[in-house]
Amino acid sequence: MSSIAENVSLKPFNTFGMNVQARWFAQAAGTDDLREIFSQPLWQQRNHLILGGGSNMLLTKDVDALVVHNLIDGISVVLEDNDYWYVRAGAGVNWHRFVLDCIAHGRAGVENLSLIPGSVGAGPMQNIGAYGVELKDVFDSLEAFHIREGYVRTFTADDCRFGYRESVFKHELRNQFVITSVTFRLRKKPDFSTGYGAIQQQLEKMGVQELSIKAISDAVIAIRSSKLPDPAVTGNAGSFFKNPVVSASLHHTLKAQFPDLVSYASGSEYKLAAGWLIEQCGWKGHRRGDAGVHPLQALVLVNYGQATGAEIFDLSSEILASVKQKFGVELEREVNII
Ligand code: FAD
Ligand code: EPU
């Protein structure tokens, strides 16, 4: 088992670059490590925080808990039939590394999810999504370790109750399990998804003659790199808020008042582009000290260097209030506030 260190800076472990300390810090390379740590009454009693790539959290203060950094590695085909490969990846595998591995082996389904930061194990937490595909579309099952009772449980898609940036692990089962591996169902014959946003345009710009999962991945990477800040350069955690989903009647009222409103039908409801709402409130490119709103994507809050988590949080509260005041719509934070 890896040892448990005290008072460790989490700055290298979160993409906002917040320099807070973990009271205790351990790294787990497998279920055995988790069992060894959590079988001890001392660590059972203390609070814990499971850490992947730290790309979806805002650390607002020192973490007075045991932080367990998930390093569970490995990618392997566990089953194969005429149509699919079933590929299991350790929860600590870097998500984009997993995507590239799938592309290299001709395994289709995750190419639209290229370049999302973080780990495989955090993917199901909020059912990561981008460019028309969500993790649930390629999900087979996952294994998770129960922190208090020490058993490993297999979850099916139904068990996970995936929704838009939602799963059971953010609600009823919050803080109860460590996801240790995820098994994906990947197509042998690709079912290309190019309908979203600028993918088609980007493919044309790149002069792609024959569509492939590699070409889609390259297109997604190009689009993302053109508007999302690279956390290695500017601290951020991607979209800070979710795109709000509103009723058809509220959508109708808003559209009458704001004809340029950007929205998408989502079943009987409508998803509003939160970036547009925030931009309309004048926040895009706003900077106060080192806390700011990205000049190219208003949904992304950034740390230009020395901002504290509290400053970013306060900025997000002001944005929430102004969107509520102008549009009567309540934004919800997507980033986990710690
Ligand atoms: P962390 O930030 O480490 O953890 C997130 C949450 O999951 C925490 O509550 C943590 O305790 C919990 N957790 C982590 N691992 C485990 C585990 N193994 N078991 C149990 N709980 C766990 N997200 C999207 O959906 N789509 C995007 O397009 C997208 N783009 C992004 C772009 C940028 C530039 C950035 C910085 C972020 C973006 N994100 C996006 C958000 C982020 O990449 C994802 O949410 C990612 O899945 C987080 O992974 P992580 O390992 O960094 O999780
Ligand atoms: N828009 C603006 N101003 C802005 C930003 C966006 O007007 O400053 C409008 C534009 O009309 C644009 C539309 O909003 O066309 C949608 O913007 P974009 O395509 O950038 O996507 P998004 O809705 O802002 C969502 C996800 C992203 C994901 C992209 C691509 C959420 C909360 N965010 O962003 O996920 O990468 O779509 O699929 O659903 C994340 O979760 O961290 C994340 C980055």
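The exercises below, each with a worked solution, concern a predicted model of a protein with two ligands.

**Exercise 1. The surroundings of ligand 1**

Find which residues come nearest to ligand 1, and describe the shell around the ligand by class and by strand.

Solution.

Step 1. Start with the residues around the ligand. There are 33 of them, and Ile50, Gly53, Ser55, Ser119 and Arg224 come nearest.

Step 2. Sort the shell by class. It has 16 nonpolar residues, 15 polar residues and 2 charged residues.

Step 3. Look for strands that supply at least two residues of this shell. Strand E3 (48–51), strand E8 (129–130), strand E12 (177–187) and strand E13 (235–239) each do so.

**Exercise 2. Polar atoms at ligand 1**

Which atoms of Asn56 and Gly129 lie 2.8 Å from ligand 1, and which atom of Arg224 lies 2.7 Å from the ligand?

Solution.

Step 1. Take Asn56. One of its backbone N or O atoms is 2.8 Å from an oxygen atom of ligand 1.

Step 2. Take Gly129. Here too a backbone N or O atom is involved, 2.8 Å from a nitrogen atom of ligand 1.

Step 3. Take Arg224. A polar atom of its side chain lies 2.7 Å from a nitrogen atom of the ligand.

Step 4. Turn to the cover of the ligand. On its own, ligand 1 has 980 Å² of accessible area, and the protein covers 94% of this.

**Exercise 3. The surroundings of ligand 2**

Describe the shell around ligand 2, and state how much of the ligand the protein covers.

Solution.

Step 1. Among the 23 residues around ligand 2, the nearest are Tyr131, Tyr164, Glu279, Gln297 and Glu334.

Step 2. By class, the shell divides into 11 nonpolar, 5 polar and 7 charged residues.

Step 3. Helix H6 (213–227), E13 and helix H8 (274–280) each supply at least two residues of the shell. The largest share, 3 residues, comes from H8.

Step 4. Check the side chains that have an N or O atom close to an oxygen atom of the ligand. The distance is 2.7 Å for Tyr164, 2.8 Å for Asn243 and 2.6 Å for Glu334.

Step 5. The protein covers 81% of the 820 Å² of accessible area that ligand 2 has on its own.

**Exercise 4. Aromatic pairs**

Count the aromatic pairs, then describe the pair of Phe139 and Phe162 and the pair of Phe240 and Phe241.

Solution.

Step 1. Rings count as a pair if their centres lie within 6.5 Å. The count comes to 16 aromatic pairs.

Step 2. Phe139 and Phe162 are 5.0 Å apart, centre to centre, with 80 degrees between the planes. An angle over 60 degrees counts as edge-to-face, and this pair is edge-to-face.

Step 3. Place the two residues in the chain. Phe139 is in strand E10 (residues 139–146), while Phe162 is in the loop between helix H4 (157–160) and E12; the pair links distant parts of the chain, 23 residues apart.

Step 4. Phe139 has a relative accessible area of 7% and is buried. Phe162, at 15%, counts as buried as well.

Step 5. For Phe240 and Phe241 the ring centres are 5.4 Å apart and the planes are at 65 degrees, so this pair is edge-to-face. Both residues are buried.

Step 6. Ring pairs also link Tyr151, Phe155, Phe169 and Phe177 into a cluster.

**Exercise 5. Charges at rings and a buried lysine**

Which rings do Arg107 and Arg287 lie over, and is Lys242 buried or exposed?

Solution.

Step 1. Arg107 lies over the face of Trp85, 5.5 Å from the ring centre.

Step 2. The charged end of Arg287 sits over the ring of Tyr304, at 4.1 Å from its centre.

Step 3. Lys242 is in the loop between E13 and strand E14 (245–246). Buried means under 20% relative accessible area; Lys242 has 7%, so it counts as buried.

Step 4. The side chain of Lys242 makes a polar contact of 2.7 Å with the side chain of Glu166.

**Exercise 6. Positive phi**

Describe the phi values, places and burial of Asn127 and Tyr131.

Solution.

Step 1. Asn127 is not a glycine, yet its phi is positive, about 50 degrees. It lies in the loop between helix H3 (95–104) and E8, and is buried at 0% relative accessible area.

Step 2. Tyr131 also has a positive phi, near 50 degrees. It is found in the loop between E8 and strand E9 (133–134), and at 10% relative accessibility counts as buried.

Key: Residues are numbered from 1 along each chain as its sequence is written. Chains are lettered from A and ligands numbered from 1 in the order in which they are written. This is a predicted model: local features need pLDDT of at least 70, side-chain atom pairs count only at pLDDT 80 or more; totals for chains, interfaces and linings use all residues. Side-chain values use heavy atoms; hydrogens and water are left out. A residue is near a molecule or strand if one of its heavy atoms lies within 4 Å of it. A polar contact is a pair of N or O atoms within 3.5 Å; within protein, one must be able to donate a hydrogen and the other to accept it, and residues adjacent in sequence count only if both atoms are side-chain atoms. Accessible areas come from the Shrake-Rupley method with a 1.4 Å probe; for residues, only the protein chains shown count as cover. Helices (H or I, at least four residues) and strands (E, at least two) are DSSP runs, numbered from the N terminus. Ala, Val, Leu, Ile, Met, Phe, Trp, Tyr, Cys and Pro count as nonpolar, Asp, Glu, Lys and Arg as charged, and the others, Gly among them, as polar. Rings of Phe, Tyr and Trp (its six-membered ring) pair if their centres lie within 6.5 Å; planes under 30 degrees apart count as stacked, over 60 as edge-to-face and the rest as tilted. Buried means under 20% relative accessible area, exposed over 50%, partly exposed in between (1.4 Å probe, protein chains only). A charge sits over a ring if NZ of Lys or CZ of Arg is within 6 Å of the ring centre and within 35 degrees of the ring normal.
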